[in-house]
Amino acid sequence: MNGKDVTFLEDTFKKFYFEHFDLLHVPDDPNQREFGYQKFNGGMNRHLSLKSDKELHLLLMQNKPSDVYCSNARYMFPNLPMSEKDWQNAELIFDIDAKDLRKEHPKNNTLIKCSECNEISELGESCPKCNSTKLSFTTLTCDDCIKSTKDEVLKLNKILIDDLGINEENIKIFFSGNEGFHIYVHKSEYESVGSRERAELSDYIMFRGGIPETFGFKKFNTNKSSLPKFDDVGWNGRLAKHLYGTKSNRSKISQEILSGGYALFQKKLEDFRDSIGIKIDPNVTQDIHRIFRLPGSINSKSGLTKIFVEDLKKFDPYIDACFIDDEEIEVAANCPIEFSLKKKKFGPFNNEQVSVPKFAAVYMMCKGVASSV
Amino acid sequence: MIAIFKLSWYTIVMVNLGNDEIVKYPFLTEAGKYLNDLGFSLEQFGSDPDLKKIVDNAFERIITSSEGRIFKSDPSSNNSALPLEIFSFLIAVILLKLSGMNTLIRRFSLAEARRAEKFLEKDLMNHKDITKAKLSLQILQELFSVTVEKIDEEFTILVSDYLKHSINFHEREWKLINRKVTNGKVHLTPHETVRLVRKELDRHIYTKINSSSTPEMIIGFETYVDKLKQLAKKFEVKTVESKEFPPCIKHAIEVLEKGENLPHSGRFLLATFLLNKGQTVEQIAPLFKNAPDYNPKVTIYQLNQLSGISGTTEYKSPSCEKVKSQNLCFPVPACDTIINPLQFGRKRV
C-alpha cells in the first residue's frame with residue numbers, strides 16, 4: 001500500500017476510534033490479557049499489556065493501528081514471551097467464515113489479483129493479461145455468503161447449547177469485520193481445557209471421525225432398530241433427520257443403509273461431514289495462544305468493524321458494521337465488479353477516477369482495488 | 001527395628017480403606033504405616049524363609065506384568081494373618097527399584113493399573129453394597145478429578161473432564177463424536193468410565209514408583225534383582241528408519257512445487273517435520289520459494305522461530321491426529337501404526 005493511502009486510512013481509522021470510544025473496551029480481566037496491534041505495511045506488535053479502556057484508547061490514538069487484537073487467553077504475565085506467560089485459561093472461540101463454507105468462489109462477488117503482473121480482473125482461472133495461474137482471490141460484499149454464514153452460526157449455537165451444555169446467555173456473537181462471525185463462549189467449564197481437548201471439540205462440532213458403530217451400524221449382526229432415530233439426542237438425531245428426511249422414511253431408508261453394508265456407511269459418514277458438520281475453522285478453536293481482533297475495532301481487510309451482534313437474523317454487516325462517514329472522496333478505482341454498502345451500489349470501476357462516499361473508498365482501498373488521488 | 005519402608009510415595013486418599021480395599025488398590029494406602037503397624041522390616045524379607053514366599057510372589061507379579069498379563073488375585077491368601085497380595089505388591093516395587101529397569105517399571109505400572117481397573121469397574125456396578133460403589137466414585141474423584149454421576153445404569157461425566165482423559169487415547173471410539181453427549185455430559189458404561197482413567201492410573205503408579213527412593217541392596221534379594229536385569233534386556237528395541245517421506249509431507253512439498261497456496265498449518269507441518277529430521281533452516285527455506293506469497297525474509301524468520309534458534313521453543317512436528325483435523329493427511333497403509341509423521345518408515349528389528 002502506498003504512503004498516501006496509508007496516511008488516509010490511518011487518519012480515517014483514528015477519526016473513527018476517536019468518535020467511537022464507546023465501542024472499544026478491554027475485556028474482563030484486562031491485566032491478564034495479551035494485546036497486540038498491526039500498523040499498515042508493518043509487522044505485528046504483540047505481548048502487550050493494557051489495563052484499562054483509557055490505555056486502549058491511548059494506544060489507538062498514538063499508534064494509529066490498522067488492526068487491534070486481544071487474547072482470549074488469560075495469563076499470569078501477558079507481556080512476557082509466550083513460553084513464560086503462564087497460561088491460565090481461555091474463553092472458547094469459534095470462527096465461522098464464508099470462505100470455509102463455499103466450495104467455489106461466488107462468481108459475481110469475487111475478483112482475482114495476479115501475483116505475477118498485479119492485474120485485477122473478474123473471476124477466472126488465469127490472469128487475462130499474462131495467463132499466470134498464481135492468483136489471489138478477493139471477495140467483495142456478498143449477501144448470500146453472509147446468509148449461509150449466519151445459518152451456520154445458528155446450527156453451531158444449537159450444538160453448543162443442547163450437546164455441550166453451554167448456557168445460551170454466555171454465547172456472544174460478533175461479526176468479524178470481513179465475512180464471518182466469531183462466537184465467544186464466556187464463563188464455561190471449557191475455559192480450562194487445552195489445545196488438544198479443543199481439537200476434539202472441533203471434530204465433534206464438525207462431525208469428524210465418526211465410526212459406524214456410534215450410529216448403530218456394527219460389522220456383524222446389525223439390525224434396523226439400532227440405527228439412528230428421529231428423536232435421538234445429539235448427532236444420532238441430527239444424522240437421522242438428514243438421512244431420512246421424515247419419520248415415515250426411516251424404515252425404507254434404514255433398510256437401504258443396511259443393504260449397502262458397513263464400508264459404504266463408513267464412507268458416507270465421511271461425506272456427511274460436508275453436509276451436516278458445522279464449518280468452523282478448527283485452527284482458531286484449537287489455538288489457545290491466539291490474539292483475536294478486538295471487538296469494536298476496524299478490520300483492515302474491509303474497513304468494516306468487528307461488532308457485537310444483538311439479533312443475528314436482522315443483522316446486516318454491510319449496514320450495521322459500516323461506521324465510516326459518507327463524505328465524498330475522489331479515488332482511483334480498479335474494481336471490475338459491483339459491490340454494495342449501506343444499501344448503495346458501487347462499481348464496476350474500470351481503472352477510473354471516481355467520487356464515492358468515504359466508507360466505499362475505505363472499503364475499496366482495504367480490498368486493494370482503489371487508491372488515493 | 002529398622003523402619004520398615006522409607007517409601008514416601010504413598011499419598012493417602014481421603015477415603016477409609018479396609019483390608020479388602022488395600023488388596024485391590026495397594027497403591028492407595030499409606031503402605032509404610034500399614035506394614036510398620038504389622039512390624040516387619042525389609043531385611044526380614046531377605047532372610048526369613050517364611051517370608052520368602054512373598055518375595056517369590058512379588059517376583060512372579062513382575063514377571064506376569066512383563067508378559068503383558070495381569071496378576072491374578074487369590075482371595076484366600078488375603079484372609080491369612082499376612083495379606084500376601086499387599087506385601088507382594090510392595091516387595092515388587094522394591095525389587096523394581098533395586099533393578100533400576102525402567103522398562104519393567106513401565107510394564108508393571110500398566111499391569112497394576114489394569115488390575116485395579118477390574119476392581120474399580122466391579123465396585124462401580126455394585127448395587128448390593130452401596131459403600132463399595134461410593135468408594136470407587138470417590139477414588140475417581142480424588143485421584144483423577146473426575147466427577148462421575150450415576151443415572152440408572154449409565155454414568156455421566158462433564159464433557160470437559162471427559163476430554164482431559166480421552167485425548168490420551170488414539171482409538172477412534174474415544175473421540176467425542178463417538179460418544180453420547182447431551183447437556184454438557186458424556187454418557188459412559190461402568191467399563192468405559194474406568195477405562196477412561198487407565199492411563200492416568202498407570203501414570204500415577206509409575207510416577208510414584210519412580211519418585212520413591214531406592215533402598216540399599218537387601219541381602220537375599222540379589223538373585224531376584226539380577227534375573228530382572230537379565231529379563232529387561234529382552235525388551236530392548238532397535239529400530240531402522242527409511243528415508244522416504246510420509247504422504248502428508250510429500251503432499252505439502254507437491255503443493256508448494258506447483259506454486260499453489262499451502263495453508264499455514266501445512267507450512268508448519270512441513271517445516272517442523274524437516275527441522276525435526278535434522279535439516280537446517282537454509283536447506284528448508286528454498287522449498288517455500290514458489291508459494292504465491294513468498295517472502296524470503298519472513299520465511300527465514302519463521303523457520304528460525306520454529307527451529308528454536310530465535311525463540312526459546314523448538315517446535316515439534318504435529319501429531320497425525322492434528323494433521324488429520326487440518327485436512328492435510330493422505331494416509332497410506334504404512335500410516336496405520338504411527339501417531340506422528342516423524343515415525344513414518346521406522347521399523348523394529
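Of the 349 residues in chain B, 39% are classed as buried. The model is a predicted one. The secondary structure of chain B consists of 16 helices and 6 strands. When contacts in chain B are restricted to residues at least 6 apart in sequence, 71% of them join residues at least 24 apart.

The domain assignment splits chain B into domain 1 (19-146 + 197-233), domain 2 (150-189) and domain 3 (247-348). The centres of domain 1 of chain B and domain 2 of chain B, taken over C-alpha atoms, are 29 Å apart. Domain 1 of chain B puts 4 residues into the contact, and domain 2 of chain B also puts in 4 residues. On the side of domain 1 of chain B that touches domain 2 of chain B, the residues comprise 2 nonpolar, no polar and 2 charged. For chain A, the assignment gives domain 1 (3-99 + 162-196 + 281-323) and domain 2 (209-276). The centres of these two domains of chain A, again over C-alpha atoms, are separated by 40 Å.

Strand pairing in chain B was examined for β1(B), β2(B) and β4(B). Strand β1 (residues 149-151) of chain B runs antiparallel to strand β2 (residues 154-158) of chain B, and 3 bridges join the two. Within this pair, I151(B) has E154(B) as its bridge partner in β2(B). The two strands form a hairpin with 2 residues between them, and D152(B) in the turn adopts a positive phi of about 55 degrees. β2(B) also pairs with strand β4 (residues 185-188) of chain B, in the antiparallel sense and over 4 bridges. In that pairing, F155(B) is placed opposite L188(B) of β4(B).

In chain A, an open sheet of 4 strands is found with the order β2-β1-β3-β12 and antiparallel pairing. Its edge strands are β2 and β12 (291-293) of chain A, each of which pairs on one side only. Neighbouring strands of the sheet are turned against each other by 25 degrees on average, direction ignored.

Strand β1 (residues 35-38) of chain A pairs with both β2(A) and β3(A). Strand β3 (residues 67-71) of chain A is antiparallel to β1(A) and is joined to β1(A) by 4 bridges. Along this pair, Q38(A) has D67(A) as its bridge partner, and G36(A) stands opposite Y69(A). Strand β2 (residues 44-48) of chain A is likewise antiparallel to β1(A), with 3 bridges joining the two. Here N45(A) in β2(A) is the bridge partner of Y37(A). The hairpin of β1(A) and β2(A) has 5 residues between the strands, and N41(A) takes a positive phi near 60 degrees.

The two faces of β1(A) differ in cover: F35(A) and Y37(A) make up the covered face, whereas G36(A) and Q38(A) make up the uncovered one. In a regular strand, side chains alternate between the two faces of the sheet. Residues of both faces appear in the pairings described above, with Y37(A) of the covered face bridged to N45(A) and Q38(A) of the uncovered face bridged to D67(A).

Between the chains, 27 residues of chain B are in contact with 31 residues of chain A. On the side of chain B that touches chain A, at least two residues each come from α8 (159-166), β3 (180-182) and α16 (320-325) of chain B. The greatest share of this side is supplied by α8(B), with 5 residues. Classified by type, the side of chain B that touches chain A contains 8 nonpolar, 12 polar and 7 charged residues.

The largest nonpolar core has 147 residues, of which M364(A), I91(B) and L95(B) touch the most other members. Helix α5 (residues 84-99) of chain B gives the most to this core, contributing 12 residues. Apart from neighbours within four places in sequence, M364(A) has contacts with V331(A), A333(A), C335(A), V369(A) and A370(A). A second, separate core comprises 22 residues, among them A252(B), L256(B), V281(B) and L328(B).

Methods:
Residues are numbered from 1 along each chain as its sequence is written. Chains are lettered from A and ligands numbered from 1 in the order in which they are written. This is a predicted model: local features need pLDDT of at least 70, side-chain atom pairs count only at pLDDT 80 or more; totals for chains, interfaces and linings use all residues. A residue is buried if 20 or more other C-beta atoms lie within 10 Å of its own, exposed if 12 or fewer, and partly exposed in between; C-beta atoms are placed from the backbone. Two residues are in contact if their C-beta atoms, placed from the backbone, lie within 7 Å. Two strands pair if DSSP finds at least two bridges between them. Ala, Val, Leu, Ile, Met, Phe, Trp, Tyr, Cys and Pro count as nonpolar, Asp, Glu, Lys and Arg as charged, and the others, Gly among them, as polar. Domain bounds come from an automatic or database domain assignment. Axes are lines fitted to C-alpha atoms, for helices over the stretch in contact, and angles run from 0 to 180 degrees between N-to-C directions. A nonpolar core is a set of buried Ala, Val, Leu, Ile, Met, Phe, Trp, Tyr and Cys residues joined through C-beta atoms within 7 Å.
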